[in-house]
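This report describes selected features of the structure shown below. It covers a sheet, two pairs of domains and some helices.

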Amino acid sequence: MDSVNLKVSYAPFIRSKDSIESVMYNVALALAPATVLSIYLFGMPALIVNVVCILSCIAFEWLMDTVRKKPNSCLDGSALVTGLLIALNVPANLPIWMLVVGSFIAIVGTKHVFGGLGYNVFNPALVARVFLLISFPAAMTSWPVPFSVDMETAASPLGILKTDGLEAAMSSFSLMDGFYGTMNGSLGETSTLALLAGAAWLFYKRYITITIPLTMIGSVFLFTGLFYLLDPTTYASPMFHMVTGGLMLGAFFMATDMVTSPLSVRGQIVFGLGCGLLTAIIRLWGGYPEGVSFAILIMNGFVPLIDRWDLNDRKAKNQKKSETT
Amino acid sequence: MISEAFIPAVSSLGAVALALGVIIHFVSKKFHVEEDPMVTIINDILPGVNCGACGYPSCNQFAEVLVETKDSSMSCPAGGSDLAAKLGDTLGIEMAEPKPQIAVLMCQGDNDIARETAEYMGIQDCWAATQAFVGPKQCRYSCVGLGSCIAYCDFDAMRLENGLVVIDKDKCTGCEACIAACPTGVLVMQEKKAERYFIACNSHDKGAATKKACDAGCIACQKCVKVCEDDAIVIDNFLAKIDQEKCTACGKCIEVCPTKVNCIRLEHDLNAVKQKKAS
Amino acid sequence: MKTFNSGGVHPPENKLTEDISIEVMPVPSEVAISLNQHLGKPAKPVVKVGSEVKKGQLIGEADGFISANVHASTSGKVKAVKPHPHPGGQYAMTVFITPDGKDEWAEGCNTAPADWKKLSKKEIIEKIRDAGIVGMGGAGFPTNVKLSPPPDKSIDTIILNGAECEPFLTADHRLMVETPDLVVQGLEIISSLFEGKAKAYIGIESNKPDAIAALKKLAEPKGIGVVSLKTKYPQGAEKQLINAITGRTIEEGELPFDKGCLVQNIGTAVAVYEAVCMNKPLIERVLTVSGMEIAERKNIMARIGTPFREIVAYCGDMTAKTNQVIAGGPMMGKALFSLDTPVVKTTSGILFLNNSRLNKSRERTCIRCSKCVEVCPQGLGPWLLANVAQLKEFDEIQLYGLANCTECGSCTYVCPSKRELVHWIKYAKALVNNRQKRKSA
């Protein structure tokens, strides 16, 4: 009995099973349906894109931990999720070197320059996507057609909408194509169904809350719906906006990124509304056909401000209380 | 072709620069603050670490008050007597000789001497540790040994060694910043002296309890009190204390101390010894 | 089903001892009775080394208004009065008694049950005070003080706390199942102090259906409401319990009586009954011995002052894998540094755990998952409090509601980065106190 070595720490002495690893690997698991579907739709090239992105992200993570003399975190799952998200955001025929550049921008240029996991202001995968889109616009907007053997490419429905107008866009695909994913687009954003299945898993495990996706998708629906009602010949229906582009991927997997979204519920509502409105505005009148990435990145920049607003508000209330008592 | 693009660009930028320059000029005139040049001179003499030992939040404020009041009793503990002389020369007054102080750790219970309670696995900070339990050492009056005070030292005079804080006597300026950072109150300020005897123990436990917890604890045996010819040692609440004013550094107490590791310590302040020799 | 309005967690309940009857533990070979078993000033010792004491005899006298009497828990000889480890993690003055084996009661103690209805309000409070009764849930606030709120505060709700939301602990649960009559009578005595103006409730978590049934049968005919509460931690925290049952919120700086409420623990109610009707001072309590690393898990009736070492031996020793022994529950208890630590009035359980996560550098960076914000029952931002504490901004931190934190541990429990959120908050509280002390000195 005396041989027992007592150790002292502070309460509580039991902890939940959640850890950074469990959160990250569950997010990766939730992305699996979309990833598997992308490989089914686009074949071997899609598999290569996924493998390259994941491996290069993990490698850059290891490199940065070594350079910064930090405990090695390359297998904590966060680099894996970033790699998966980059892969889901690019066309299947993107050259490998561009994928490596994108991973470099995400891990080194977005995450580690701010101090690593937990400190980055912007979503790494989104910065990578926007960087690639601006640097290599041609490669990033010619989307392969599903099941095509010789990598036939075409514009995405949103792209057609922007350049050729509503009729051409509507005739290029059906809404059910968008829902199941059998349309042109980046690896992961084509299938609304696969993304919803993954998101359901995250809700079940309670790693994300409904606030941000609901407010973001809801505001896109209402905003585009309003203009559809005003002029159905120029503006696409809200259902068209739901199933095309990266809205579902962005709303469930990028906007909800823990590190780059607000902490309080009311902050999350403001954040979600901002993302949704900016997405709709860019889609309807912007220079780019798709606005989800830009919208989320812009709102990422506002997150510290939103959190500060919430804190100052609490502080002011506490001050008032202490003055009255 | 070139001039078409060149001239409007250069001229418009030039105009903007000119306008801003004029505005800056007037603003600096309008909001100019009159400052006594003496404050800047004094501020340059001061150590400039804003340690707060003088009672003012910054060196600059100390300088402002000193220039305005010319109060000769004001002193900068971090600067010592050299600085006092310099300040006096600059201001043309006789500054009072400051009593140099030094932080002293009243504990010798390092990891070998003090008995340990249990391994502490929480936040590695003295305050956090004492919230969880009595501390990693059995003696509740001892140096906790996780070094919370070190972060408060502006002069890089403290370090952790074998579970005890060690104070570098040459670097310590006596600014007192560390005193408030200690949860057990084992750090105290003492006057700098050439030879300084003190009881390096903080335990107010009864002798038996102290002895059980630590080999270097004062057990309040009264031997040093009896042998002291200057009446400089008193026992207060089971702990001996040496009155630095009365102590003549005869060293008799250290010979009679019966504890395993002598609880009375003699420390030489080297700089003070040198100064004494020089004078 | 009723519950508090926001936050809360659901750790594995692990009520391993809920069906095991209370066992009376024999007199230990030595008792070490701490003089600091309550909130407020420690009691003053009134016995000398070498003097004989009887069971129930006063050995420490309340020192001041917020303090409590301490009594001998067996008869014997006073061996020493010296500082000794206390379950709170610190040292406290402790009276050591070597039992003489006779276990004789002092005169006038443990009499046959008498009818309390003949006693006046003042007499009841005095009896509770003399018996040294304190809140047995964990805080140890002297019960006689709590039962005499300032005259300008009117109490309209009395709540008996049978939630026992901490995992592992089943002491209150067993008391409710085995002695429901004493619980109800204790509550009736407490209600009588408020002249029947206050409505009495017993709040019990829904994972104890047998206790709910037992008390419903006895309490409801007497007009006492038995409320089944959702099983959720910290349902049994005072502020959360009041919120769950009455819907009222205790704001920062307020005490329950500011909102007309009074909360007492189940064990306290039984102790009140025994003190008032049987003149029995608080010298023993029910506690749960549990955890994965002890051979026999039990609910035991142990004397105040029983060293944990003897309880370990009585329960068939702990395994070699044990690395933490906890006094209290796993969410809010304290890790012990010595098995010589004795049982005190607030010890609701002893747990033997093998905590595999212990590691000096286990804290990782915050990934801003906002789980701590979600589970905080007080609506605070624990991540923020911890961050500001780490930055040592002790003026700033008070504006974020530091004083409002009840240290329930829900945030630390859920944190995926395994940050020591509550410990940082406790650290900040200690330093804020220290600064205020220095300012006023």
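## Strands, domains and helices

In chain C, strand E5 (residues 58–61) and E6(C) run antiparallel and are joined by 2 bridges. This is a predicted model, in which local features need pLDDT of at least 70 and side-chain atom pairs count only at pLDDT 80 or more, while totals for chains, interfaces and linings use all residues. Residues are numbered from 1 along each chain as its sequence is written, chains are lettered from A and ligands numbered from 1 in the order in which they are written.

C:Gly60 has C:Val70 of E6(C) as its bridge partner. The open sheet of chain C holds 3 strands in the order E3-E5-E6, with antiparallel pairing. Strand E3 (44–45) and strand E6 (70–71) of chain C are at the edges with a single partner strand each, so one side of each has no neighbour in the sheet. Strands count as paired if DSSP finds at least two bridges between them. Strands (E, at least two residues) and helices (H or I, at least four) are DSSP runs numbered from the N terminus.

Chains B and C are each divided into two domains, with bounds from an automatic or database domain assignment.

| Chain | Domain 1 | Domain 2 | Distance between C-alpha centres |
|---|---|---|---|
| Chain B | residues 37–91 | residues 101–278 | 31 Å |
| Chain C | residues 120–278 | residues 371–440 | 29 Å |

In chain C, 6 residues from domain 1 and 7 residues from domain 2 make up the contact. The domain 1 side of chain C that touches domain 2 has 3 nonpolar, 1 polar and 2 charged residues. In chain B, 6 residues of domain 1 are in contact with 7 residues of domain 2. The domain 1 side in chain B divides into 5 nonpolar, 1 polar and no charged residues. Contact requires C-beta atoms, placed from the backbone, within 7 Å. Ala, Val, Leu, Ile, Met, Phe, Trp, Tyr, Cys and Pro count as nonpolar, Asp, Glu, Lys and Arg as charged, and the others, Gly among them, as polar.

Helix H10 (residues 382–390) of chain C has 7 of its 9 residues buried (20 or more other C-beta atoms within 10 Å of the residue's own, all placed from the backbone). Among the buried residues of H10(C) are C:Trp383 and C:Leu384. C:Lys392, just after H10(C), takes a positive phi of about 60°.

In chain A, helix H10 (residues 192–204) packs against helix H13 (residues 247–254) at an angle of about 10°, with the axes 9 Å apart. That makes H10(A) roughly parallel to H13(A) (angles under 35 degrees). Axes are lines fitted to C-alpha atoms over the stretch in contact, and angles run from 0 to 180 degrees between N-to-C directions.

Conventions. Two residues are in contact if their C-beta atoms, placed from the backbone, lie within 7 Å. A residue is buried if 20 or more other C-beta atoms lie within 10 Å of its own, exposed if 12 or fewer, and partly exposed in between; C-beta atoms are placed from the backbone. Angles under 35 degrees count as roughly parallel, over 145 as roughly antiparallel, 65 to 115 as roughly perpendicular and the rest as oblique.
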